[in-house]
Amino acid sequence: MTSCNNLLIIEPNLRNHSGHYAEFVRAVGSRSKNEVLDVYAHPDADDMLREMPGVQVCTDEPRTGHPLAEWCTIARAVRNETPFLILTSDGRHSAAVAIAATVNSSKPEKAHLFFHRAPSTLRDRFFLPFAALTKKYALAITSTEIVAAELRTDGWLRVVSVPYPALGAAVPPQPAAFSHLLMAGAARLNKGLDIITELAEQWATEGRTIPLFVQVSKKHAAKHGRREAVAVETLLSSGYSGLVTDENPPDRSEYLKRFEGALVLAPYNQEHFASQVSGIVLDALLHGAPVIATHGTWAGDQVERFGAGMTIAERRPAALIAAIDKVLADWTTYAANACAAAQILAQKHDPRHLLDVLL
């Protein structure tokens with residue numbers, strides 16, 4: 001295995017510059033000092049990773065994105081007592097660490113597992129009975145106290161909550177004139193794609209022309225989910241004159257540029273996102289863009305805390321439209337609040353906080 005000076009990050013789903021995988025690694029690497037992050041990712045990401053500060057590419061084979069290759073990498077890291085971080089952890093990874101530790105008669109104290117949500121799916125429940133050693137010795141990391149409490153209840157002995165690592169703007173953002181509505185990120189129903197689609201259909205009928213930018217890139221690496229594909233087709237055929245769509249995930253510079261003058265739409269499903277950090281909403285606020293989010297979600301909590309937009313109690317087009325109209329009617333205030341929030345959130349979510357925990 002390529003020598004890892006400090007920390008091996010394992011994420012075979014990291015393929016390109018878009019999404020939270022790349023943003024996470026970029027953010028943490030940017031705060032490294034004498035540390036180096038050795039990143040085990042899909043081979044497609046190699047060129048991108050080499051351009052990131054504080055990062056080197058782990059060239060160990062096989063690197064195919066196949067779960068078996070990932071498990072072999074985890075097993076070698078446990079055997080060699082290499083400090084490592086599993087970037088997007090679930091029950092499978094907990095079991096893999098424990099099985100490797102059992103085989104090597106070791107305590108996986110150098111294993112760090114980052115949980116964006118507590119393991120709770122049917123697949124998680126299948127694997128977690130094999131994870132006792134991991135729960136006892138490994139460090140579980142998450143970004144909200146709700147998830148941390150769930151992990152402790154599930155038997156994890158070492159749990160820490162650290163603000164999700166994200167980079168603020170190079171220069172503190174200033175309020176910009178309203179330009180467009182924005183739904184960023186891959187097309188997902190649990191993030192409100194169906195609501196945005198209904199909004200576009202309604203506005204097409206009413207003759208409204210507010211610019212609406214929607215990223216309709218694929219939910220998975222190569223395809224949409226079946227229901228997402230139907231929603232995307234319906235959106236594209238809505239006839240709304242203000243609609244602009246993009247089928248491809250943008251690079252970082254273009255992604256950040258889209259927040260300028262944007263009112264970000266995040267009518268996320270409360271069940272899925274009550275305790276889960278939204279990287280897109282965090283990026284929006286870090287760059288001074290007001291947000292409309294669902295009440296009772298992590299994103300909604302941030303919006304309400306700073307007055308940086310509006311929250312909706314019901315995930316319906318009528319509620320979303322009413323919130324849009326209210327924010328646009330007092331855009332100057334909401335934009336100023338979002339810019340004020342940016343400076344506070346940039347300090348709270350500085351990636352150095354996580355790097356200090358890991359190392």
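Strand β2 and strand β3 (residues 55–57) run parallel, joined by three bridges. Within that pairing, Val39 sits opposite Val57 of β3. Keep in mind as you look around that this is a predicted model. On to the partnership between β2 and strand β1 (residues 7–11): these two also run parallel, and five bridges join them. Here you can pick out Glu11, which stands opposite Ala41 in β2.

So how enclosed is β2 itself? Strand β2 covers residues 37–41, and five of the five are buried, so the rest of the structure largely encloses it. Follow the side chains along the strand and you'll see Leu37, Val39 and Ala41 pointing one way, while Asp38 and Tyr40 point the other way. Whichever way they point, all of these residues are buried.

Now for the aromatic rings. The structure has eleven aromatic pairs. One of them is Phe24 with Phe114: the ring centres are 5.2 Å apart and the planes meet at 85°, and since anything over 60 degrees counts as edge-to-face, that's what this pair is. Phe24 belongs to helix α1 (residues 19–30) and Phe114 to strand β5 (residues 111–115), so their contact ties together parts of the chain that lie 90 residues apart in sequence. Both Phe24 and Phe114 are buried.

Tyr268 and Phe273 make another aromatic pair, this one tilted, with 4.8 Å from centre to centre and 45° between the planes. Tyr268 and Phe273 are buried too. Finally, have a look at Trp71, Phe126, Phe127 and Phe130, which ring pairs link into a cluster.

Definitions and conventions:
Residues are numbered from 1 along each chain as its sequence is written. This is a predicted model: local features need pLDDT of at least 70, side-chain atom pairs count only at pLDDT 80 or more; totals for chains, interfaces and linings use all residues. Side-chain values use heavy atoms; hydrogens and water are left out. Rings of Phe, Tyr and Trp (its six-membered ring) pair if their centres lie within 6.5 Å; planes under 30 degrees apart count as stacked, over 60 as edge-to-face and the rest as tilted. Helices (H or I, at least four residues) and strands (E, at least two) are DSSP runs, numbered from the N terminus. Buried means under 20% relative accessible area, exposed over 50%, partly exposed in between (1.4 Å probe, protein chains only). Two strands pair if DSSP finds at least two bridges between them.
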